[in-house]
Amino acid sequence: MLIKFKSSDHIGENQVTDESVYHNRRDMLKKMGFVGTGALMAATTPSRAASLSLFGGDQAQGAVNPNLKALDFSAEKSAQALGQVQTPELKATTHNNFYEFGTQKNQPSELAQNFKVNPWQLKISGHVENELTLDYDDLFNKFALQERIYRLRCVEAWSMVIPWIGFPLAELIKLAKPTSDAKYVAFKTLYDPEQMPGQASRRIGGGIKYPYIEGLRLDEAMNDLTLMSVGMYGKALPNQNGAPVRLVVPWKYGFKSIKSIVSIELTKRRPKTTWNILAPNEYGFYANVNPDVSHPRWSQASERRITTGGLFARNRIETLPFNGYGEQVAHLYKGMNLRKNY
Ligand SMILES: Nc1nc2c(c(=O)[nH]1)N[C@H]1C(S)=C(S)[C@@H](COP(=O)(O)O)O[C@H]1N2
Ligand SMILES: [Mo]
């Protein structure tokens, strides 16, 4: 049975931390002596908070994963301010799709623990005037980081609400200065079978041809919703979620949101994409969330929202066109047949 989700539950998630939360955070940081050191000075509006926090403290998970550093966002509070049901951090970091570290949902959080994400190099190339390479620190310092609370809808019909931290992909692309030949953007995940057991073994990696590749049309890439994420839940990304940098495209099925990116290439032709190569009749290039177009093997009309569960949790919800982000993105597909271009 389908249960309707309150409309207030699916608006405003793309908004960022509200002002009161911002001030609370400032107060907290002030108490800790960070305000005035420059850590918050980049924040011009509540939605534009500063880049890295200077927290040196050992966060609960910091002891487990040396890559996790605290970012200066109060994710929990901002979600409350927006009155939405956020997926618990523990779920979002232990129920993963990252086939390079195994096809079982629990495998990436176990098998990615020693993955080395620093040093890192992300190269932006192709039809650009300004080729550039970002190193690990650039990912956190070159752009003002923002918090974006987005729904993530996997093509397998489960979904989460996750507070990401990152910067719009558009800012990076603008810096690279695309030429008039640039029509698409092609992304590539790291290829390193010594570190990624799924790349070394067909059995562990699900028979995908690696490296994992994805792509967007340039106008999709430039949309403000399209995020380069370096963190979640107020911390740097855990390895299993795509550290040190991953894409988040909230109106498309999760497989478009490619993890641990080493290359972004501006291209003239539409790039090939991993799941489309594997099963073109099941996974298209566009992969816009669409309740009206079933996967050949299951319906996409509803989804299982992963929350805390519990007595009052309404876990089965209707899937919305463009995952509820139609207002921001439907215009990109005007005149297109979305059944054909799935
Ligand atoms: N490189 C790479 N990126 C990937 C995947 C993958 O297997 N490899 N899985 C995708 C899929 S199917 C989903 S649903 C999301 C899951 O992101 P999460 O584990 O952070 O929730 O990552 C996407 N990005
Ligand atoms: Mo997915």
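**Figure 1. Strand β4 and the lining of the largest pocket in this predicted model.** Let us start with the wall of the pocket. Strand β4, which spans residues 158-168, gives the largest share of the lining of the largest pocket, namely 4 residues. In total, 27 residues line the largest pocket. Those that lie nearest its centre are N97, F98, Y212, G254 and F255. Sorted by class, the lining comprises 16 nonpolar, 7 polar and 4 charged residues. The volume of the largest pocket comes to about 440 Å³. Rolling a probe the size of a water molecule over the atoms is what reveals where empty space is left.

**Figure 2. Ligand 1 in the largest pocket.** Here is the guest in its place: ligand 1 sits in the largest pocket. Around ligand 1 there are 16 residues, and the closest are N96, Y99, E100, R246 and K259. By class, this shell holds 7 nonpolar, 6 polar and 3 charged residues.

**Figure 3. Polar contacts of ligand 1 with Y99, T189 and K259.** Which polar backbone atom lies 2.8 Å from an oxygen atom of ligand 1? That atom belongs to Y99. For T189, an N or O atom in the side chain is 2.9 Å from a nitrogen atom of ligand 1. K259, one of the closest residues to the ligand, places a polar side-chain atom 2.6 Å from an oxygen atom of ligand 1. Ligand 1 would expose 530 Å² if taken alone, and the protein buries 98% of that.

**Figure 4. Two cis peptide bonds, each leading into a proline.** Most peptide bonds are trans, so a cis bond is worth a close look. The bond from N118 to P119 is cis, and its omega is near 5°. P119 belongs to the loop between α4 (107-111) and β1 (121-126). The second view shows the bond from Y210 to P211, which is also cis, with omega near 0°. P211 is placed in the loop between α8 (202-205) and β6 (213-217).

**Figure 5. S260 and its positive phi.** Where along the chain should you look for S260? You will find this serine in the loop between β9 (246-248) and β10 (261-267). Most residues other than glycine have a negative phi. S260 is not a glycine, yet its phi is positive, near 45°.

Terms used. Residues numbered from 1 in each chain as written. Chains lettered and ligands numbered in written order. Predicted model: local features only at pLDDT ≥ 70, side-chain atom pairs only at ≥ 80, totals over all residues. Heavy atoms only, no water. Near = heavy atom within 4 Å. Polar contact = N/O pair within 3.5 Å; in protein donor to acceptor, adjacent residues only side chain to side chain. Areas by Shrake-Rupley, 256 points an atom, 1.4 Å probe, with all protein chains shown as cover. 1 Å grid on protein atoms, 1.4 Å probe; cavity = no way out; pocket = protein on both sides within 12 Å on 5 of 7 lines; lining within 4 Å. Sits in = over half its atoms within 2 Å of the grid points. Nonpolar A, V, L, I, M, F, W, Y, C, P; charged D, E, K, R; others polar. Points joined across faces, edges and corners; volume = space filled by probe spheres on them. Helix = DSSP H or I, 4+ residues; strand = E, 2+ residues; numbered from the N terminus.
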